Amino acid sequence: MQVNVEAVKKACEKLGIKSEFKDENKNILAVFLAGKNKFVYFVHSSTPFNTEDVVRICRDKDYTRLILRDLVKTLSFLDPNVDEKYAEYIKEKSLEEMVEKIESQILYPLIVKRNSGEQGQNVFLSKNSAETKNALGKIFNKEDKLYDHIALAQEYF
């Protein structure tokens with residue numbers, strides 16, 4: 001039995017919520033919803049709360065930015081050299097324009113990172129204009145395997 005599934009089972013017992021294992025190894029737990037003839041499954045490390053929508057939001061930092069915009073100041077930038085079909089979405093036409101916008105809204109130090117990255121790849125702590133421009137240049141480098149067409153600038157806590 002997985003530790004997290006065991007914890008859910010114990011919580012259900014403590015709260016008086018009906019639940020039952022659906023397999024002999026106790027890795028699939030059905031938790032019955034109160035007053036309904038419906039249930040949700042907890043399987044290994046997965047939960048019924050991780051819908052495709054939530055997973056998409058968690059993987060896309062710009063979507064997360066939109067949801068958390070009242071909590072953390074974050075700006076989003078599109079690579080000014082994207083394919084022509086995306087040109088209508090370009091707001092800042094150069095790295096210099098991006099740096100100018102960032103500096104008008106976020107104080108140093110700040111974080112610059114790629115939108116779809118993970119494990120700290122292409123994440124930069126920037127202390128001045130030159131570092132910010134350099135970080136954006138690295139994120140928008142199409143020759144690099146870590147290239148991303150969206151970069152984010154975020155206040156540092």
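# A tour from the Pro109 loop through the sheet

Select Pro109 to begin: this residue sits in the loop that joins helix 4 and strand 5. The model is a predicted one. Look at the bond that leads into Pro109 from Tyr108: the peptide is cis, and omega is near -5 degrees. From this loop the tour goes forward into strand 5, then across the sheet, and then to the helices.

**Strand 5**

Select 110–114, which is strand 5. How many of its five residues are buried? Five of the five are, so strand 5 is largely enclosed by the rest of the structure. Colour the two faces separately. Leu110, Val112 and Arg114 lie on one side, Ile111 and Lys113 on the other, and both sides are covered. Note that Arg114 and Lys113 are among the buried residues here.

Now show the partners of strand 5. Toward strand 7 the pairing is antiparallel and runs over five bridges. Two pairs to pick out are Leu110 with Glu155 and Val112 with Ala153. Toward strand 6 (123–126) the pairing is again antiparallel, with four bridges. Here Ile111 has Leu125 as its bridge partner.

**Strand 7 and the whole sheet**

Select 150–155, strand 7. Five of its six residues are buried, so this strand too is largely enclosed by the rest of the structure. Strand 7 also pairs with strand 4, in the antiparallel sense and over five bridges. Add strand 4, residues 74–78, and find Leu78, which stands opposite Ile150 of strand 7.

With these strands on screen, what is their order in the sheet? The order is 4-7-5-6, in an open sheet of four strands with antiparallel pairing. Strand 4 and strand 6 are the edge strands, each pairing on one side only. Ignoring direction, neighbouring strands are turned against each other by 20 degrees on average. Helix 4 packs on this sheet and touches strand 4, strand 5 and strand 7. The direction of helix 4 makes about 170 degrees with that of strand 4.

**Helix 4**

Select 95–105, helix 4. Which of its residues are buried? Met98, Val99 and Ile102 are. These three are on the same side of helix 4, because they cover an arc of only 95 degrees around the axis. Turn to the face that points away from this buried side and find Glu100 and Ser104, which are exposed. Then return to the buried residues and show what covers them: strand 4, strand 5, helix 5 and strand 7 are included.

**Helix 5 and the core**

Select 129–139, helix 5. Helix 5 lies across strand 5, strand 6 and strand 7, and it runs at about 10 degrees to strand 5.

Next, display the largest nonpolar core, a set of 15 residues. Phe77, Ile102, Val112, Leu136, Ile139 and Phe140 touch the most other members. Strand 4, helix 4, strand 5, helix 5 and strand 7 each supply at least two residues of this core.

Centre on Ile139. Leaving out residues up to four places away in sequence, Ile139 touches a list of residues that includes Val112, Lys113 and Arg114 of strand 5. Also on that list are Asn122, Phe124, Leu146, Tyr147 and Asp148, together with Ile150 and Ala151.

**Asn122**

Follow the contact from Ile139 to Asn122, in the loop between strand 5 and strand 6. Is Asn122 buried or exposed? Asn122 counts as buried because its relative accessibility is 10%, and the cut-off for buried is under 20%. Check the backbone as well: phi of Asn122 is positive, about 60 degrees, although the residue is not a glycine.

Show the side chain of Asn122 and the backbone oxygen of Leu146, which it reaches at 3.5 Å. Beyond its neighbours within four places in sequence, Asn122 is in contact with Val112, Lys113, Arg114, Lys138, Ile139 and Leu146.

**Last stop: Lys26**

Select Lys26, in the loop between strand 1 (19–21) and strand 2 (28–32). Phi of Lys26 is near 60 degrees, which is positive in a residue other than glycine. With a relative accessibility of 38%, Lys26 counts as partly exposed.

Terms used. Residues are numbered from 1 along each chain as its sequence is written. This is a predicted model: local features need pLDDT of at least 70, side-chain atom pairs count only at pLDDT 80 or more; totals for chains, interfaces and linings use all residues. Side-chain values use heavy atoms; hydrogens and water are left out. A nonpolar core is a set of buried Ala, Val, Leu, Ile, Met, Phe, Trp, Tyr and Cys residues joined through side-chain atoms within 4.5 Å. Buried means under 20% relative accessible area, exposed over 50%, partly exposed in between (1.4 Å probe, protein chains only). Contact means heavy atoms within 4.5 Å. The arc is that of the directions from the helix axis to the C-beta atoms. A polar contact is a pair of N or O atoms within 3.5 Å; within protein, one must be able to donate a hydrogen and the other to accept it, and residues adjacent in sequence count only if both atoms are side-chain atoms. Two strands pair if DSSP finds at least two bridges between them. Axes are lines fitted to C-alpha atoms, for helices over the stretch in contact, and angles run from 0 to 180 degrees between N-to-C directions.
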